[in-house]
Amino acid sequence: MALCLGQVFSKDKTFRPRKRFEPGTQRFELYKRAQASLKSGLDLRKVVQLPDGENINDWIAVHVVDFFNRINLIYGTVSEFCTEKSCPIMSGGPRYEYRWQDGDQYKRPTKLPALIYMNLLMNWIESLINNEDIFPTRVGVPFPKNFQQVCKKILSRLFRVFVHVYIHHFDMICSIGAEAHINTCYKHYYYFISEFSLIDHSELEPLKEMTERICH
């Protein structure tokens, strides 16, 4: 799937620079294994399962970074059409609205245009991924006790990008022939979060019908 995404979505339009794994590290080897499984055509439900003998936090870390990269690529492709005029509120149709809160600049949930929300979201995720105290890259350095909780929050917020793109920019996705590719990316994401119970399924309600159509 990674190859297909690269062919359909312009890498020049990646919303954020790709986060890469350091060659020679365990995480890089896990990433290569995961990518090989994806390209082999295996059932995605099996692809997401933890390989024998591997650390679950390493496996989750690899996938969080990979989903960050892929979803960046998808949103980067439609971002020029996601303006403050076209999308004045970060939403998923009339029923779902997402407000930004980071405890820093935005101490209370705040309505924002989708593009600004996305910028803040990607900055926030990037700062976490690059934080050695949360995503350690040195051999022998343990993950923090709250690591999975942090990843749950990242994955929950990345889901909102899928919601916005599917509901507000799906015509654009279809116009470049990328429907099958974003569907595959979403299925991979959905099977992964389901395998490890990383998101409360009530949060997936905005895409419930589509999830049932393509994932079941």
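## Burial and overall make-up

Of the 216 residues in the protein chain, 51% are buried. The model is a predicted one. The chain exposes about 10,900 Å² of surface, and carbon and sulfur atoms supply 48% of that area.

The protein chain holds nine helices and zero strands. Read from the N terminus, its elements therefore follow the order α-α-α-α-α-α-α-α-α, where each helix is a DSSP run. Many contacts link distant parts of the sequence: among contacts between residues at least 6 apart in sequence, 74% join residues at least 24 apart.

## The largest nonpolar core

The largest nonpolar core comprises 66 residues. Those with the most contacts inside this core are Phe135, Ile154, Phe162, Tyr166, Tyr186 and Tyr189. Several helices contribute to the core: H4 (56-78), H5 (114-129), H6 (147-168), H7 (170-175), H8 (179-195) and H9 (208-215) each supply at least two residues. The largest share, 12 residues, comes from H6.

A general tendency provides context for such a core. In soluble globular proteins, nonpolar side chains tend to be buried together.

## Phe162 and Tyr166

Two of the residues with the most contacts inside the core, Phe162 and Tyr166, may be examined in turn. Phe162 lies in helix H6. Its relative accessibility is 2%, and the residue therefore counts as buried, the limit being under 20%. Residues up to four places away in sequence being left out, Phe162 touches Ile71, Ile74, Ile182, Cys185, Tyr186, Tyr189 and Leu207. The C-alpha atoms of Phe162 and Tyr75 are separated by 8.6 Å, although these residues are 87 residues apart along the chain.

Tyr166 touches Ile182, Asn183, Tyr186, Leu207, Met210 and Ile214, again without counting residues up to four places away in sequence. Ile182, Tyr186 and Leu207 are also among the residues that Phe162 touches.

## Helices H8 and H9

How are H8 and H9 oriented where they pack? The angle between them is about 95°, and their axes are 10 Å apart. Because angles of 65 to 115 degrees count as roughly perpendicular, H8 is roughly perpendicular to H9. On the side of H8, the contact is made by Asn183, Tyr186, Lys187, Tyr190 and Tyr191. On the side of H9, the contact is made by Met210, Thr211, Ile214 and Cys215. By class, the contact of H8 with H9 has six nonpolar, two polar and one charged residues.

Asn183 is placed in helix H8. Is Asn183 buried or exposed? With a relative accessible area of 10%, Asn183 is buried. Beyond its neighbours up to four places away in sequence, Asn183 touches Tyr166 and Ile214.

## Ser197 in the loop between H8 and H9

The loop between H8 and H9 contains Ser197. At 51% relative accessibility, Ser197 counts as exposed, because the class begins over 50%. The phi of Ser197 is near 50°, a positive value in a residue other than glycine. Most residues other than glycine have a negative phi.

## Cys151 and Val62

Cys151 is found in helix H6. Its relative accessibility is 0%, so Cys151 counts as buried. Which residues does Cys151 contact, leaving aside its neighbours within four places in sequence? They are Ile60, Val64 and Phe135. The C-alpha atoms of Cys151 and His63 are separated by 9.8 Å, and the two residues are 88 residues apart along the chain.

Val62 is located in helix H4. This residue is buried too, with a relative accessible area of 1%. Its C-alpha atom is separated by 9.9 Å from that of Phe135, a residue 73 residues apart from Val62 along the chain. Phe135 is one of the residues with the most contacts inside the largest nonpolar core.

## Asn55 before helix H4

Asn55 is found in the loop between helix H3 (44-47) and H4. Its relative accessibility of 37% places Asn55 in the partly exposed class, because the value falls between 20% and 50%. Leaving aside neighbours within four places in sequence, Asn55 is in contact with Leu50 and Phe143.

Key:
Residues numbered from 1 in each chain as written. Predicted model: local features only at pLDDT ≥ 70, side-chain atom pairs only at ≥ 80, totals over all residues. Heavy atoms only, no water. Core = buried A, V, L, I, M, F, W, Y, C linked by side-chain atoms within 4.5 Å. Buried < 20%, exposed > 50% of the residue type's maximum accessible area, 1.4 Å probe, protein only. Helix = DSSP H or I, 4+ residues; strand = E, 2+ residues; numbered from the N terminus. Contact = heavy atoms within 4.5 Å. Axes fitted to C-alpha atoms, helices over the stretch in contact; angles between N-to-C directions. Parallel < 35°, antiparallel > 145°, perpendicular 65-115°, else oblique. Nonpolar A, V, L, I, M, F, W, Y, C, P; charged D, E, K, R; others polar. Areas by Shrake-Rupley, 256 points an atom, 1.4 Å probe, with all protein chains shown as cover.
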